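Subject: A structure for you, with notes

Hi,

Here is the structure I promised to pass on. Please have a look at it first, and then read the notes below.

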Amino acid sequence: MVVLLVIFALAVFVLPNMWAKWVLKRHTRGRDDYPGTGAELADHLLRRLGVEGVNVERTEYGDHYDPETRCVRLSPDNYDGRSLTAVTVAAHEVGHAIQHHEGYTPLLARSRLVGVAQKAEKLGAILMMAAPFLFLLTRLPGGLAIVIVMAVISFGTAALVHLVTLPVEFDASFNRALPLLKEYVPPADMAGARHVLTACAFTYVAASLASVMNLGRWLVILRR
């Protein structure tokens, strides 16, 4: 029974992230027939679509769009690469810039929630670690339960933000990036581009599941 639970946990929490990384890596082979790098495509798309005030930068902290600084940030491989992964990820992040430019409500809501979730997750970790000590010090009836509930809410907030993120990611991938890529990527590569776009979205599925797993881990620790 324990073995089955471990296998189930791996399938639910680990495999989505592994699959996403495998898909992204699978299409990183350089392509001489591509007219530009990921950064060049991102810059071109932003100018072509009239999305002003958005810069394209190289980053060591993962591909993302930063709505606060209005910047598309790409990892070195995708910034300089001429691969299907590079141009597809670039188009995906430009999709977020388009969402911001158009005032896409779910993106704006996510941006507000992210800061709250980060603080909530830190608070949750502190409360979980402090719960047994607070109970021993105060001996208040139900004190430990109250702290645990507060911590669950804190971790739950982080998981909720990741779930709210999913529609934003799928919109950036399939409603924004995919139609643009059809104009720049050879038809034979479009199936691969769809896989890469799905992988971009599934990184957030994995993050959401990781938040839930983190909450469960702390609950198991406290039960002991």
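Let me start with one contact: the side chains of D189 and Y34 are joined by a polar contact of 2.8 Å. By polar contact I mean a pair of N or O atoms within 3.5 Å; within protein, one must be able to donate a hydrogen and the other to accept it, and residues adjacent in sequence count only if both atoms are side-chain atoms.

Before going on, some ground rules. This is a predicted model, in which local features need pLDDT of at least 70 and side-chain atom pairs count only at pLDDT 80 or more, while totals for chains, interfaces and linings use all residues. Residues are numbered from 1 along each chain as its sequence is written, and side-chain values use heavy atoms, with hydrogens and water left out.

**Around D189 and H27**

D189 sits in the loop between α6 (143–181) and α7 (190–223). Helices (H or I, at least four residues) and strands (E, at least two) are DSSP runs, numbered from the N terminus. With a relative accessible area of 12%, D189 is buried; the cut-offs are under 20% for buried, over 50% for exposed and partly exposed in between (1.4 Å probe, protein chains only). Not counting residues up to four places away in sequence, D189 touches R31, Y34 and L84, where contact means heavy atoms within 4.5 Å.

L84 also turns up beside H27, a residue of the loop between α1 and α2. Leaving aside neighbours within four places in sequence, H27 is in contact with S83, L84, T85, G192 and V196. H27 is buried, at a relative accessible area of 17%.

**The chain overall**

Seven helices and three strands make up the list of elements, in the order α-α-β-β-β-α-α-α-α-α along the sequence. Of the 224 residues, 42% count as buried. Among contacts in the chain with a separation of 6 or more, 73% come from residues 24 or more positions apart. One example of a pair distant in sequence is F202 and K21: they are 181 residues apart along the chain, yet their C-alpha atoms are separated by 9.7 Å. F202 belongs to helix α7, is partly exposed with a relative accessible area of 27%, and has P16, W19 and F170 as contacts once neighbours within four places in sequence are set aside.

**Helix α2 and two backbone angles**

In α2 (residues 38–48), the buried residues are G38, A39, L41, A42, L45 and L46. Seen down the axis, they fall within an arc of 165°, so they line one face of the helix; the arc is that of the directions from the helix axis to the C-beta atoms. Just after α2, G50 has a positive phi of about 75°.

Phi is also positive at R70, near 55°, in a residue other than glycine. Most residues other than glycine have a negative phi. R70 lies in the loop between β2 (64–66) and β3 (71–74) and is partly exposed, at 25% relative accessible area.

**A pocket lining**

Which helix gives the most to the lining of the second largest pocket? That is α4, with four residues. A pocket here is an open set of points on a 1 Å grid over the protein atoms alone, where a 1.4 Å probe fits, with protein on both sides within 12 Å along at least five of seven lines; lining residues have an atom within 4 Å of a point. Of the 15 lining residues, L24, D63, S75, N78 and V89 lie nearest the centre.

Best wishes
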